[in-house]
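Me: Please take a close look at the ligand site of this structure and at the spaces around it. I am new to it, so explain each term as it comes up.

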Amino acid sequence: MAAQSIDQLRTSFRGELIRPTDAAYESACKVYNGMIIKRPRLIARCADVADVIAAVEFGAKNDLLTAIRGGGHNGAGLGTCDDGLVIDLSRMKGIRVNPADKTVRVEAGCVWGDVDHATHAFGMATPCGFISTTGVAGLTLGGGIGYLTRRFGLTIDNLLSADMVLADGSFVTASTEENPDLFWAVRGGGGNFGVVTSFEFRLHPVKTVHFGPTFWPLDEAAKVLSAYQDFIKEAPEEVSGFFAFLVVPPAPTFPERLHHKKVCGIVWCCTGSAEQAEESLKPMRSLGNPLFDHVGPAPFPAVQSFFDPLFVPGLQWYWRADNFTELSDQAIARHVEHGSRIPTMLSTMHLYPVNGAAQRVGKNDTAYSFREALFAEVIVGVDPDPANSEKITAWCKDYWDALHPYAAGGAYVNFMMEEGQDRVQATYRDNYQRLARIKKKYDPRNFFRVNQNIRPTD
Ligand SMILES: Cc1cc2nc3c(=O)[nH]c(=O)nc-3n(C[C@H](O)[C@H](O)[C@H](O)COP(=O)(O)OP(=O)(O)OC[C@H]3O[C@@H](n4cnc5c(N)ncnc54)[C@H](O)[C@@H]3O)c2cc1C
């Protein structure tokens, strides 16, 4: 890349252009997963849409491998790249709530905590994830699974439009009225089609929810998991809760006798009335011999950020995932076997329920395909110490290998590492060919390829 080119770019760029020789470079390179260490040639931290257009044109003209960075949370590190250009949107944090229309427009550098903060003031929320520091952009473009999924659908089911800069530098809006093919593709197809500069979401009345965990001893895990599966299939859509194998953190929230103990648990989040939550959860909360049980009212943003202090940026993460329509007794036995061997305090396995409202959307209605799945499973090996990276990776892979034969196929793209084309195709199933044709139309040269890549074809 000629220095002259960067100087030319600088004349039309309002944000920061960060090169390896700049003082800001080392910290600008860092992404959330400490296992990912990549060194781009240039980080273009955009201030506005004009900067994004300039950066895309610069990357294309110089034939640079180009990554798009929203919140930088991607497990596989797909928000950055070696020796190329990173289009970093983290400065673009504008948010405008329209309370009359019950919508919010969010710029692509926002994380979910920014959105919750803005919408909570109006007593509303849109479906997001389980942690407030995750980027709006990456999470949305892959689908978006969280506490509100059973009631209001995936994040993409609440996406009304997206403003985008395409590979040729042109600016378009994708919605059901404008470029509907592109709008179909970005609802699950990831960052394959262009840089989204802002999203418009539908909002729902969500302010105070009923939140908290129930923990059980591991010797009751098979019974709990089996009962949970039956329960979550039929529970009212206001009721949600994800199942986990975990190590109880030494936090004041939990009794000292449980600190560092391996348990199984369900983290509940109910958006209906307190009475409904109390009544609906009773059969599960009184099952077996819970070690700890606390469900109470909490503001939605506090729920969203409850796990933030545990999962701070810079930890080592290794991810594996699958979709499940049903957990057989054998699959449950394998879960108990591997879930009981959690290697480090922060490693965990979560089963997120993706039924209810998310299943009312057809499997070909958006790029996200596995609408019939009951659970999105994610196994994460996590630890602060790089010396433990092999240990957490090996546990994660062994666990995944043991459960994969029982899976429905494919996985949630946002929970995958770089696992090859077969896995990407298995994830999109019969939507893949349509995605490949839309990719050909909007990005024929596969300029945007630092992602779970959809290759352009006819
Ligand atoms: C601690 C943690 C908790 C998580 N919890 C959840 C959860 O509850 N629910 C859930 O659904 N997911 C969850 N995820 C997964 C998360 O959705 C993905 O990691 C997602 O990729 C993060 O988005 P990002 O913008 O932060 O990532 P980045 O690393 O910035 O980007 C990831 C990918 O998105 C693309 N991208 C980013 N911004 C844009 C843009 N503006 N335009 C086009 N493409 C773009 C990039 O091409 C890249 O491939 C979690 C991840 C972590 C680390």
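Reply: The ligand site comes before the cavities, a pocket and the aromatic pairs.

This is a predicted model, in which local features need pLDDT of at least 70 and side-chain atom pairs count only at pLDDT 80 or more, while totals for chains, interfaces and linings use all residues. Residues are numbered from 1 along each chain as its sequence is written, and side-chain values use heavy atoms, with hydrogens and water left out.

The shell around the ligand holds 35 residues, where a residue counts as near if one of its heavy atoms lies within 4 Å of the molecule. Gly70, Gly72, Phe130, Ile145 and Tyr412 are the closest. Sorted by class, the shell has 18 nonpolar, 16 polar and one charged residues; here Ala, Val, Leu, Ile, Met, Phe, Trp, Tyr, Cys and Pro count as nonpolar, Asp, Glu, Lys and Arg as charged, and the others, Gly among them, as polar.

Backbone atoms of three glycines can be placed against ligand oxygen atoms. For Gly72, a polar backbone atom is 2.7 Å from an oxygen atom of the ligand. For Gly135, the distance from a polar backbone atom to a ligand oxygen atom is 3.0 Å. A backbone N or O atom of Gly138 also lies 3.0 Å from an oxygen atom of the ligand. A polar contact is a pair of N or O atoms within 3.5 Å. The ligand taken alone exposes 940 Å², and the protein buries 97% of that, with areas from the Shrake-Rupley method and a 1.4 Å probe.

Strand E3 (66–69), helix H5 (136–142), strand E10 (195–202) and strand E17 (316–324) each give two or more residues to this shell. H5 supplies the largest share, four residues. Helices (H or I, at least four residues) and strands (E, at least two) are DSSP runs numbered from the N terminus.

Tyr412, among the closest residues to the ligand, also lines the largest cavity. A cavity is a set of points on a 1 Å grid over the protein atoms alone where a 1.4 Å probe fits but cannot get out, and lining residues have an atom within 4 Å of a point. The whole structure has two cavities of 30 Å³ or more. The largest has a volume of about 60 Å³, the space filled by probe spheres set on grid points joined across faces, edges and corners. Its lining divides into six nonpolar, five polar and no charged residues, including Gly142, Asn323 and Tyr368. The second largest cavity, about 30 Å³, is lined by Leu154, Val354, Ala358, Tyr368, Phe370 and Arg371.

Lastly, the structure holds 27 aromatic pairs, meaning rings of Phe, Tyr and Trp (its six-membered ring) with centres within 6.5 Å; planes under 30 degrees apart count as stacked, over 60 as edge-to-face and the rest as tilted. Tyr147 and Phe211 have ring centres 5.9 Å apart and planes at 90°, so they pair edge-to-face.

Definitions and conventions
A polar contact is a pair of N or O atoms within 3.5 Å; within protein, one must be able to donate a hydrogen and the other to accept it, and residues adjacent in sequence count only if both atoms are side-chain atoms. On a 1 Å grid over the protein atoms alone, a cavity is a set of points where a 1.4 Å probe fits but cannot get out, and a pocket is an open set with protein on both sides within 12 Å along at least five of seven lines; lining residues have an atom within 4 Å of a point.
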